[in-house]
Amino acid sequence: MASRTSPLVIYTIFFFLASFHNCAGQTANVKGVYWFPGSDFAVSSIDSTLFTHIFCAFADLNPTNYQVTISSSNQAQFSTFTQTVQQKNPNVKTLLSIGGGGANTDAFAAMASQASRRKSFIDSSISLARSNNFHGLDLDWEYPDTAANYNNFGTLLTEWRAAVAAESRTSGKVALLLTAAVFRSWNYYSLKYPVQAISNSLDWINAMTYDYYGPGWSPSSTGPPAALYSGASGQINGDAGIRDWIQSGLSAKKIVLGLPFYGYAWRLVNANNHGLFAPANGAAISADGSIGYRQIRNFISQNAATAVHNGSVVTDYTYSGTTWIGYDDTQSVSTKVTYAKSKGLLGYFAWHVGADSNWALSQTASRAWGA
Ligand SMILES: *[C@@H]1O[C@H](CO)[C@@H](O)[C@H](O)[C@H]1NC(C)=O
């Protein structure tokens, strides 16, 4: 008997594919990374095969009319961003990220507090994403800092999702992705993110699980900038933040773990006392001590510096003379990505792609996650 595919099988496959297409809103996993123009790293140099989602940072919020805009100096790179990164990986998705650590947080609070201002933000962000060919929008409001702000943040997300769904119905295009970069834990200094609105409205959150210790705010001793676990001292750690987010009721499948592709450098008080939490005198190397991974690798090779991996808290540090740098090397990245997968998280993201060294961290993360 000749083997022949029955019409029923063909119809079944067709309907399976058709229904799959309709739920394109379900993201299977996230291997994300941020890029920003000030990083002096060309968009065309991004190895987009190592990522599923790339965030283009940042669009700005106009504090007067509450519209989202792209500054004229960024316009050329942003408008061709998607096309450029899709040359190496046609499946990669791009999101336009709004705000950032350097943005005016008062403008976000004012925008979110009134319906007409939220509409201005929402409508302008959607048309900006469409006219510049992004697949989604990422809100990076650092941070809502009052109970009212958190409530308004939730209202904004709910209205944003409704507008994105309406636009998709009208345009016939797949709905824009909606994400937000949020604090490392649900609890922001005793204030709580609006979990129900996040769960209903966002595709996922990027939990900024880093910047725990840095010479800018902890100048008098070294520290692990982004340890995964607490040491004996009960230090701030990523696992506590992720457990807090899961405890909030948010599905692990909406949580994406943050990886820093940078570290912080301190000046040691005593070159011979060079462990974690050793006495220090503020920043070394740069004004706030921040230093990208590629420069850290250069520092290690140029100074034949000692590099230490602490696998119990999951951090790396290196020192030479009185310069001490805390950071994540490949082993820390691999452990964190394996942790994210084991917790059932949606994936990971890194800040920022231009700081990697020959793709070492990006490749390690992608391999640790798997297909
Ligand atoms: C790792 O760091 C913690 C401090 O946070 C310390 O208690 C522990 O002894 C360190 N482990 C090693 C192997 O040095």
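Let's start with a small detail: the backbone oxygen of Q235 sits 3.0 Å from a polar atom in the side chain of N237. Keep in mind that this is a predicted model, so every distance here is computed from predicted positions. The side chain of N237 has another partner too, since one of its polar atoms lies 2.8 Å from the backbone nitrogen of A240.

Where along the chain is N237? Find strand 9, which covers residues 204-207, and helix 8, which covers 238-247; N237 belongs to the loop between them. Is N237 buried or exposed? Its relative accessible area is 8%, so N237 counts as buried, because the cut-off for buried is under 20%. If you set aside the neighbours within four places in sequence, N237 touches Y212, A227, L228, Y229 and S230.

Now look for P224, which is found in the loop between strand 9 and helix 8. Its relative accessibility is 0%, so P224 is buried. Which residues does P224 touch, once neighbours within four places in sequence are left aside? They are Y212, Y213, Q235, L276, F277 and T315. You have already met Y212 as a contact of N237, and Q235 as the residue whose backbone oxygen lies 3.0 Å from the side chain of N237. You can also try tracing from P224 to D211: they are 13 residues apart along the chain, and their C-alpha atoms are separated by 8.9 Å.

Next, turn to the ligand. Around the ligand you will find G231, Q235, L276, F277, N310, S312 and V313. Among these, Q235, L276 and F277 are also contacts of P224. An N or O atom in the side chain of Q235 is 3.2 Å from an oxygen atom of the ligand. For N310, an N or O atom of the side chain is 2.3 Å from a ligand oxygen. On its own the ligand would expose 360 Å², and the protein buries 46% of that area. What classes of residue make up this shell? There are three nonpolar and four polar residues, with no charged ones.

Finally, step back to a wider view. An unreviewed UniProt entry lists residues 29-371 as "domain: GH18". Over residues 29-371, the chain is 33% helix and 24% strand. If you find the C-alpha atoms at the two ends of this stretch, you will see that they are 9 Å apart.

Terms used:
Residues are numbered from 1 along each chain as its sequence is written. This is a predicted model: local features need pLDDT of at least 70, side-chain atom pairs count only at pLDDT 80 or more; totals for chains, interfaces and linings use all residues. Side-chain values use heavy atoms; hydrogens and water are left out. Helices (H or I, at least four residues) and strands (E, at least two) are DSSP runs, numbered from the N terminus. Buried means under 20% relative accessible area, exposed over 50%, partly exposed in between (1.4 Å probe, protein chains only). A polar contact is a pair of N or O atoms within 3.5 Å; within protein, one must be able to donate a hydrogen and the other to accept it, and residues adjacent in sequence count only if both atoms are side-chain atoms. Contact means heavy atoms within 4.5 Å. A residue is near a molecule or strand if one of its heavy atoms lies within 4 Å of it. Accessible areas come from the Shrake-Rupley method with a 1.4 Å probe; for residues, only the protein chains shown count as cover. Ala, Val, Leu, Ile, Met, Phe, Trp, Tyr, Cys and Pro count as nonpolar, Asp, Glu, Lys and Arg as charged, and the others, Gly among them, as polar. UniProt positions are given in the numbering used here, feature names are shortened, and annotations may be inferred rather than shown by experiment.
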